[in-house]
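Me: I've got a model open and want to poke at its side chains. Let's take it one question at a time.

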Amino acid sequence: MPINDTAERPALRPVPAGTAPADGELSWQETALCAQTGPELFFPEPGSSTREAKMLCGICEGREACLEYALTHDERFGVWGGLSEQERYALRRRRAGRR
Ligand code: SF4
């Protein structure tokens, strides 16, 4: 997964210190296709396309786990699990409406 070295953006898919990537909720990161690209695809400038990132997510083995991680941890920026910030927000609202 790419390392995001820009100060304005959050780190991409950070692995908490002391957490083995193969364990539990972070195991999906081992096959993350975004790890093989630069962060600019997954953290595009405002108004830029997320199409390429979403295409990669669409064939990523960890897509569902990645999306659930982002929803659980309230990741606010970038494409996670094939959804943009706005799409995750809408999904969270739809799920909350079903409760
Ligand atoms: S679903 Fe997308 S953002 Fe998540 S690990 Fe795969 S490529 Fe990265």
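Me: Leaving aside its neighbours within four places in sequence, which residues is Cys57 in contact with?

Reply: Bear in mind this is a predicted model, where local features need pLDDT of at least 70 and side-chain atom pairs need 80 or more, while totals for chains, interfaces and linings use all residues. Numbering starts from 1 along each chain as its sequence is written, and side-chain values use heavy atoms, without hydrogens or water. Cys57 sits in helix α2, residues 51-58 (helices are DSSP runs of H or I, at least four residues, numbered from the N terminus). Skip the neighbours within four places, and its contacts (heavy atoms within 4.5 Å) are Phe42, Arg63, Val79, Gly81 and Gly82.

Me: Is Cys57 buried or exposed?

Reply: Its relative accessibility is 7%. The cut-offs are under 20% relative accessible area for buried, over 50% for exposed and partly exposed in between, with a 1.4 Å probe and protein chains only. At that 7%, Cys57 counts as buried.

Me: Which of the residues in the UniProt "binding site" annotation are in the lining of the largest cavity?

Reply: The annotation, from an unreviewed entry, covers Cys34, Cys57, Cys60 and Cys66; UniProt positions follow the numbering used here, feature names are shortened, and annotations may be inferred rather than shown by experiment. They're spread over 33 residues of sequence but cluster in space, with a largest C-alpha distance of 10.9 Å. A cavity here is a set of points, on a 1 Å grid over the protein atoms alone, where a 1.4 Å probe fits but cannot get out, and lining residues have an atom within 4 Å of a point. The lining of the largest cavity includes Cys34, Cys57, Cys60 and Cys66.

Me: What is in contact with Cys60, leaving aside its neighbours within four places in sequence?

Reply: Cys60 lies in the loop between α2 and α3 (63-72). With a relative accessible area of 17%, Cys60 is buried. Beyond the neighbours within four places, the contacts of Cys60 are Thr31, Ala32 and Leu33.

Me: Which helix gives the most to the largest nonpolar core?

Reply: A nonpolar core is a set of buried Ala, Val, Leu, Ile, Met, Phe, Trp, Tyr and Cys residues joined through side-chain atoms within 4.5 Å. The largest one has 13 residues, and Trp28, Phe42, Tyr69, Val79 and Trp80 have the most contacts inside it. α2 and α3 each supply at least two residues of this core. With three residues, the one that gives the most is α3.

Me: How far from buried Glu75 is the nearest side chain of opposite charge?

Reply: Glu75 lies in the loop between α3 and α4 (85-97) and touches Tyr69, Ala70, Trp80 and Arg88, not counting residues up to four places away in sequence. Glu75 has no salt bridge (a side-chain nitrogen of Lys or Arg within 4 Å of a carboxyl oxygen of Asp or Glu). In the charge count, Lys and Arg are positive, Asp and Glu are negative, and His and the chain ends are left out. For Glu75, the nearest opposite charge is on Arg88, at 6.5 Å.

Me: And which side chain of opposite charge is nearest to Arg88?

Reply: Arg88 is found in helix α4. Its contacts beyond four places in sequence include Leu67, Glu75 and Trp80. Arg88 is buried without a salt bridge, and the nearest side chain of opposite charge, 5.4 Å away, is Glu85.

Me: What is phi of Asp74?

Reply: Most residues other than glycine have a negative phi. Asp74 comes just after α3 and is partly exposed, with a relative accessible area of 31%. Phi of Asp74 is positive, near 50 degrees.

Me: Which residues do salt bridges that share partners join into one network?

Reply: The side chains of Asp74 and Arg76 meet in a salt bridge at 2.6 Å, N to O. Asp74 also pairs with Arg92, the closest N and O atoms being 3.4 Å apart. Arg92 lies in helix α4 and Asp74 in the loop between α3 and α4, so this pair ties together parts 18 residues apart in sequence. The network joins Asp74, Arg76 and Arg92.

Me: How many residues apart are Glu87 and Lys54?

Reply: Glu87 forms a salt bridge with Lys54, with the closest N and O atoms 2.9 Å apart. Glu87 is in helix α4 and Lys54 in helix α2, so-called distant parts of the chain, and their separation is 33 residues.

Key
On a 1 Å grid over the protein atoms alone, a cavity is a set of points where a 1.4 Å probe fits but cannot get out, and a pocket is an open set with protein on both sides within 12 Å along at least five of seven lines; lining residues have an atom within 4 Å of a point.
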